[in-house]
Amino acid sequence: MELSRRDALAALAGAGVVVGGGAFVLEPEEVTFEDEGPTPPDVVETLVATAQVVYPSAVTNLDEFVETYSVARVEARPAYREGVRATVTALDGYTRVHSDEERFADLSAAGREVQLQRMGVKSAEPDPRGTTAERIRYYVVNELLYALYTSPTGGKLVGIENPQGYPGGSDSYQRGPPE
Amino acid sequence: MSEPAATATADTSGEVDRTPSERVDACVVGAGPAGALVAYRLATAGYDVVIVDAGPRFDPDSRPDRMERAIRPGRGSVWDMGGERDAFSASGDRFYPLNQARVKGIGGSTLHWQGMVFRNHEADFERRSRDGVARDWPIDYDDLRPYYADAERELGVAGAADNPFAPPRDEPYPMPAFAPSYSDSLFADACERLGVTMHSVPNARNSEGYDGRSACVGYGTCKPVCPSGAKYSADVHVRKAEAAGARVIDRAPVQRLETDSSGERVTAAVYATPDGSEYRQEARQFVVACGGVETVRLLLLSKSTRHPNGLANTSGLVGRGFMDHLFVGVGGTLDRRTRQNHVGYITSECHEFYDDPGTATSGTGGAVPGSDADLGPIKLEFLNYAGPSPVEMACGGNEWGDDLLETLRGAYGNHIAMGGLVGQLPNDSNRVTLDRSRTDAYGNPVPDVRWSLDARTKRTIERATEIQRAILTELGAEIGSVVTPETTGPAFHHMGTTRMGTDPAESVVDERLRTHDVVNLSLPGSGAFVTSGALNPTLTIAALSLKCADAVEKSL
C-alpha cells in the first residue's frame, strides 16, 4: 500500500498542523536550526531510516510521507524539535561507539533494527524526559507510528479507513465492511 | 511526564488582571456547564457577572495536541489535572478515582465528557411515590420540561423522537440524530429476535453546523477531547457570557465564602491567584457551581461562627448522599467485521428496562427473561468503540514493523460490546467530607470521597448484564468480558451532595436551587439531585441551571 504526501498532510491535519493551506510543503533544506546539532535533513533522514524499520513492509513510498510529516512537525512544534534533535544526537552517538558508521541513518536496515533492539527501544515506555531508549521510543518511534496509524492509508492496513485521530467524517462508521 | 507544550494553555504570563471587579451583581464560582449557563443568562439580561474558576482558560488550538496526549502514552494528563491543586482522598469501601474524568478550567468537565444528554424520566422525580425508595424531588418533570427544551437549544442536541420510553416532549430536537452505525445494524437483528427495542441517542454533538460550530468530523476521540469543537463544552457559554459583558477570572481557586455578621448573606468569594495573592470578590448574589465534590468542599471550608458545620449546612446534609452511576457492560467478538472506533460516540441505546428493569421481552427468536427483584433503572448502550483502537495499540505496544501490523490486524475488527448505566440511591454513609490530614496546594484540606455500593445497586448491575449477555448471545458473540459488581466503575456523575427539597431539615437547597440557610447563595448542578436515576446528568444539570438563573435574576 503506497503512502503519499496526501496521507502525510491528512495526518498533519489530524494533528492540528496546517501546512501552507495544504498546497505548500517545506523541504528539509528549507528549515533552519540556529544552534549546533543535527540539521533538519539529518533529523528527517534519521526518521526515514527508523520508519524503514518500524513501518510494515506492506507500505511503500514512506520517504515522502515521513519527510512531509516530520518537517512540518519539526517546524510547528519547537518542543518536539528540541527533543527529536537531542534524541537523534543520542542515536548517532550510540552508532559511533558500537559500529563503524557515523550516523544511525548510515546503518543497514538490519543494523538499525539490531541497534534499536540493543538499546531496549522496543520495550521502552515512551517518555520525553526519560532514558535514552524511552526518549527514542517517544520522539522517534511513536512519532512515526502515530503518523502512520492516524493516516487513512495506515488505518486501511488494519481495516479502518477513519482511524482515531483522523477527521475522516461521519459516514464511514455507517458503512459495512468492504465486500 | 509530558513533552513541553507551548500552546497547551493560553496565558501563563501572569500579566492578566485577576483583581476583583467592583459593583458586581453575581459572582459565579465554577465555569462548567452549570456556572456557564447561569453566567450567560444573567449577563445577557444586563447584569454584571464575574466568573471565577480554579483552572485555566484552555486554548482551543491546543485541542489536537490534547488529542495526541489521549492517544499516545507518555504525554501526560489530557486536561492538565493532577498534582497538589487536585489532591483528594478516597476512604470508602471502594476507591473513588476522582481525577480520572474531571477537569478544572473554563468549560469544566464538559471538555472531557462523552456528550450524551437525556431528559430524566417522569419516574426519576418520584422514586418514593412510585418505588417506595429514597425521596421524591420537590419538582416534577413538568416543572423542568420548558427548561429541558431550553437546555437542548443552548447545548445543541442532535436527536430523534423515536424513543418510546422517553418522557413526553413538544418540540423536535435542534438537530437531526446521528444515523445508526453499521454495528447498530448487527445488534438490531438480535434485538428484534429478542423483542428488545432500540432507538437513537440524543447527543450534545453537532450532526450539522449549529451555533457557529461545525458538524462532527469524526476524530473518534470525543471522550476525552473533541478537537473540532463539534461536541458541546461549556466554554461555549462562557464565551457567550463574556460577549455579553461578563468577566472571567481563571486560575483562581476560591478558598472560602465569607458571610455578613448575621450569617444570612454571602458577602465575598475569597480566591487565590497564581502570583500568590488573595482577593475578595464581592457581589449581591453568589452561585457556586463546582460540581458535586468541590462545591461541598467549598461550603465546608467556609465554616464560621454562624455556620460552624460549614456554610448552608444547618441540615448537616452537605456532602451526604453522594451518588454516582455505575458502568455496566458485556463485550465479546463476532465471526465478522464490526467496524468499531470510527467515531467516539454512541448512536443507539435501549431504555426499555429503565422504568421497568425487571420486564421480560420476547421476539421472533427468543426472549429476555423477567425479574421480580427490587431493582433500579437500567440504561443500555450499543457501543461504537468496542475493542482496541489500532493507533493506541501501536503506540502502546512493544512491537513494530510486520509483527506489529499482524498484531493489530488480529486485535482489531471483530469486537462488539454493550455498555450502560445503573444508578445508586442516596445513602448517608456515601459522602464527601474534608480530609484534614492532607492539604492541597493552598493549604486547604482535600476532599475525601467515601463511596460504596449497596445491595440494590449490585443486583441492578447483575440484571443489566443478564440482559446484555442475552443480546450478545443472540447475536452470536463469543463473550469475553462481563462487568460485575466487583469490577464496575463510576461514570463520574457526582450527584446528591447538596440535595434539593422543601424541608430545610432534610435538604440543602430549595426548588429554586437556593440554599435554605443563606439567602443569596445558589447551588445549581448535580449536587441538587434527590435521586440519581440512570441517565447521564448534564442535560438535567443544564435545565436546573437555567431554572436557577431565572430565580437569581428575580432576586437582582
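**Notebook: cysteines of chain B and the A/B interface**

I looked up C395(B) and found it buried, at 1% relative accessibility. The model is a predicted one.

I then looked for a sulfur partner. C395(B) takes part in no disulfide, and the cysteine sulfur nearest to it belongs to C222(B), 19 Å away. I checked C222(B) as well. C222(B) is buried too, with a relative accessible area of 8%. Its nearest cysteine sulfur is that of C216(B), 5.9 Å away, and C222(B) is in no disulfide. A disulfide requires the two sulfur atoms to lie within 2.5 Å, so I could not count C222(B) and C216(B) as one at 5.9 Å. Over all chains I noted zero disulfides.

Next I turned to the interface. I found 53 residues of chain A in contact with 49 residues of chain B. The two chains bury about 4,400 Å² between them, and carbon and sulfur atoms account for 55% of this area.

I went through the polar side of the interface. Five salt bridges are counted between chain B and chain A. One of them joins the side chains of R77(A) and E68(B), at 3.5 Å from N to O. I also noted 26 residue pairs in polar contact across the interface, both residues at pLDDT 80 or more.

Which helices of chain B supply at least two residues each to the side that touches chain A? I listed α2 (63–71), α8 (390–396) and α9 (401–411). Of the elements, α9(B) gives the most, with six residues. Sorted by class, I recorded 24 nonpolar, 14 polar and 11 charged residues on the side of chain B that touches chain A.

Notes: Residues numbered from 1 in each chain as written. Chains lettered and ligands numbered in written order. Predicted model: local features only at pLDDT ≥ 70, side-chain atom pairs only at ≥ 80, totals over all residues. Heavy atoms only, no water. Buried < 20%, exposed > 50% of the residue type's maximum accessible area, 1.4 Å probe, protein only. Contact = heavy atoms within 4.5 Å. Buried area = accessible area lost by both parts, 1.4 Å probe. Salt bridge = Lys/Arg side-chain N within 4 Å of Asp/Glu carboxyl O. Polar contact = N/O pair within 3.5 Å; in protein donor to acceptor, adjacent residues only side chain to side chain. Helix = DSSP H or I, 4+ residues; strand = E, 2+ residues; numbered from the N terminus. Nonpolar A, V, L, I, M, F, W, Y, C, P; charged D, E, K, R; others polar.
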